[in-house]
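Visitor: I would like to learn how to read a protein model feature by feature, with the general idea given before the particular case. Could you take me through one?

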Amino acid sequence: MSALAAILLAQAAPAVAEVPVPMPVGEEMTARIEANDAKLFWGFFEACDPDMVAPMLHPDFRMIHDLVGLPASSAEEFIGQARTNCDSRKSGQPNEGYKNRRLLVPGSRTIGKLGEWGALEEAYHTFHEWRGEEIGWVQTGGARYLHIWQWMPGEGRFRLLESLSLDHGPAPQYPPATE
């Protein structure tokens with residue numbers, strides 16, 4: 001077949017319609033949200049790789065933070081801020097070598113269905129900073145968060161639509177101190 005014939009044949013073929021995928025429910029929905037949560041926080045904290053996380057955010061994403069208000073009113077703005085933050089950790093930059101991590105408080109997460117369009121995740125987490133080999137990881141605080149995940153039927157996945165980050169402050173030591 002000639003190249004021209006192949007092009008004409010391809011143009012004549014009917015367009016394939018995107019088939020919407022129904023939103024998962026129950027254990028499958030929970031597993032997907034838990035996996036998204038782990039990847040999201042790994043990407044923004046320890047990996048410091050906002051480009052890895054960018055596809056997880058809904059274009060209309062916004063974040064509300066109890067200490068600063070509305071730090072990001074779009075996915076693009078949020079990813080841009082994260083890039084700047086991660087760039088500052090590179091060699092020769094002001095925060096060279098800075099490391100932080102976020103840990104989910106076990107047993108604190110709840111995930112519930114929002115109609116046929118999404119899910120609400122709520123949990124507590126703690127924040128930690130690396131203080132060098134002699135000291136190691138130090139817990140620096142904690143917070144509660146609520147995430148609204150919108151199901152994208154054409155993509156067959158959830159995207160983070162809104163993040164509410166609340167109750168920032170000192171967190172109880174985890175694991176608890178033993179006597």
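Guide: What follows is a walk through the features of this model, which is a predicted one.

Visitor: Let us start with the overall layout: how many helices and strands does the protein have?

Guide: A sensible reading begins with the secondary structure, which here comes to four helices and seven strands. If you go along the sequence and note each element in turn, you obtain the pattern α-α-α-β-β-α-β-β-β-β-β. The protein has 179 residues, and 32% of them count as buried.

Visitor: What is the volume of the largest pocket, and which residues are closest to its centre?

Guide: A pocket is described by its space and by the residues that line it. The largest pocket here holds about 730 Å³ of space, and among its 27 lining residues the closest to the centre are Phe44, Phe45, Met63, His65 and Phe78. Two or more lining residues come from each of α2 (26-44), β1 (57-65), α4 (75-87), β5 (118-130), β6 (137-152) and β7 (157-169).

Visitor: Which element gives the most to that lining, and how does the lining divide by class?

Guide: Helix α4 gives the most, with five residues. Sorted by class, the lining is made up of 16 nonpolar, nine polar and two charged residues.

Visitor: Now the aromatic rings: how many aromatic pairs are there, and how should I read the geometry of one?

Guide: Two values describe a ring pair, namely the distance between the centres and the angle between the planes, and planes over 60 degrees apart count as edge-to-face. The count for this model comes to seven aromatic pairs. One of them joins Trp130 and Trp137, whose rings are 5.4 Å apart, centre to centre, with 65° between the planes, an edge-to-face arrangement. Both partners are partly exposed, Trp130 with a relative accessible area of 26% and Trp137 with one of 28%.

Visitor: Why is the pair of Trp151 and Phe158 edge-to-face, and are these two residues buried or exposed?

Guide: The planes of Trp151 and Phe158 stand at 65°, with the ring centres 4.9 Å apart, and therefore the pair is edge-to-face. Trp151 and Phe158 are both buried. Elsewhere, ring pairs link Phe41, Phe45, Phe127 and Tyr145 into a cluster.

Visitor: Which rings have a charged end sitting over them?

Guide: Here one looks for the charged end of a side chain placed over the face of a ring. The charged end of Arg101 sits over the ring of Trp137, at 3.9 Å from its centre, and the charged end of Arg102 sits over the ring of Phe41, at 3.8 Å from its centre.

Visitor: Which cysteines form the disulfide, and why is it called left-handed?

Guide: A disulfide can be read from its partners, its bond and its twist. The structure holds one disulfide, and it joins Cys48 to Cys86 with an S to S distance of 1.9 Å. The torsion about the S-S bond of Cys48 and Cys86 is about -100°, and therefore this disulfide is left-handed. The bond links distant parts of the chain, since Cys48 lies in the loop between α2 and α3 (50-53) and Cys86 in helix α4, 38 residues apart. Both Cys48 and Cys86 are buried, and for Cys48 the relative accessibility is 16%.

Visitor: Which residues other than glycine have a positive phi?

Guide: Most residues other than glycine have a negative phi. Cys48, although not a glycine, has a positive phi of about 45°. Asp167 is not a glycine either, and has a positive phi of about 60°; this residue is in strand β7 and, at 46% relative accessibility, counts as partly exposed.

Visitor: Finally, how far apart in space are Thr126 and Arg101, and how far apart are Asp51 and Ile79?

Guide: For such a question one sets the separation along the sequence beside the distance between C-alpha atoms. Thr126 and Arg101 are 25 residues apart in sequence and 8.4 Å apart in space, C-alpha to C-alpha. Thr126 belongs to strand β5 and is buried, with a relative accessible area of 5%. Asp51 and Ile79 are 28 residues apart along the chain, and their C-alpha atoms are separated by 7.4 Å. Asp51 is found in helix α3 and is partly exposed, with a relative accessible area of 45%.

Definitions and conventions: Residues numbered from 1 in each chain as written. Predicted model: local features only at pLDDT ≥ 70, side-chain atom pairs only at ≥ 80, totals over all residues. Heavy atoms only, no water. 1 Å grid on protein atoms, 1.4 Å probe; cavity = no way out; pocket = protein on both sides within 12 Å on 5 of 7 lines; lining within 4 Å. Points joined across faces, edges and corners; volume = space filled by probe spheres on them. Nonpolar A, V, L, I, M, F, W, Y, C, P; charged D, E, K, R; others polar. Phe/Tyr/Trp six-rings, centres within 6.5 Å; stacked < 30°, edge-to-face > 60°. Buried < 20%, exposed > 50% of the residue type's maximum accessible area, 1.4 Å probe, protein only. Lys NZ or Arg CZ within 6 Å of the ring centre and 35° of its normal. Disulfide = S-S within 2.5 Å.
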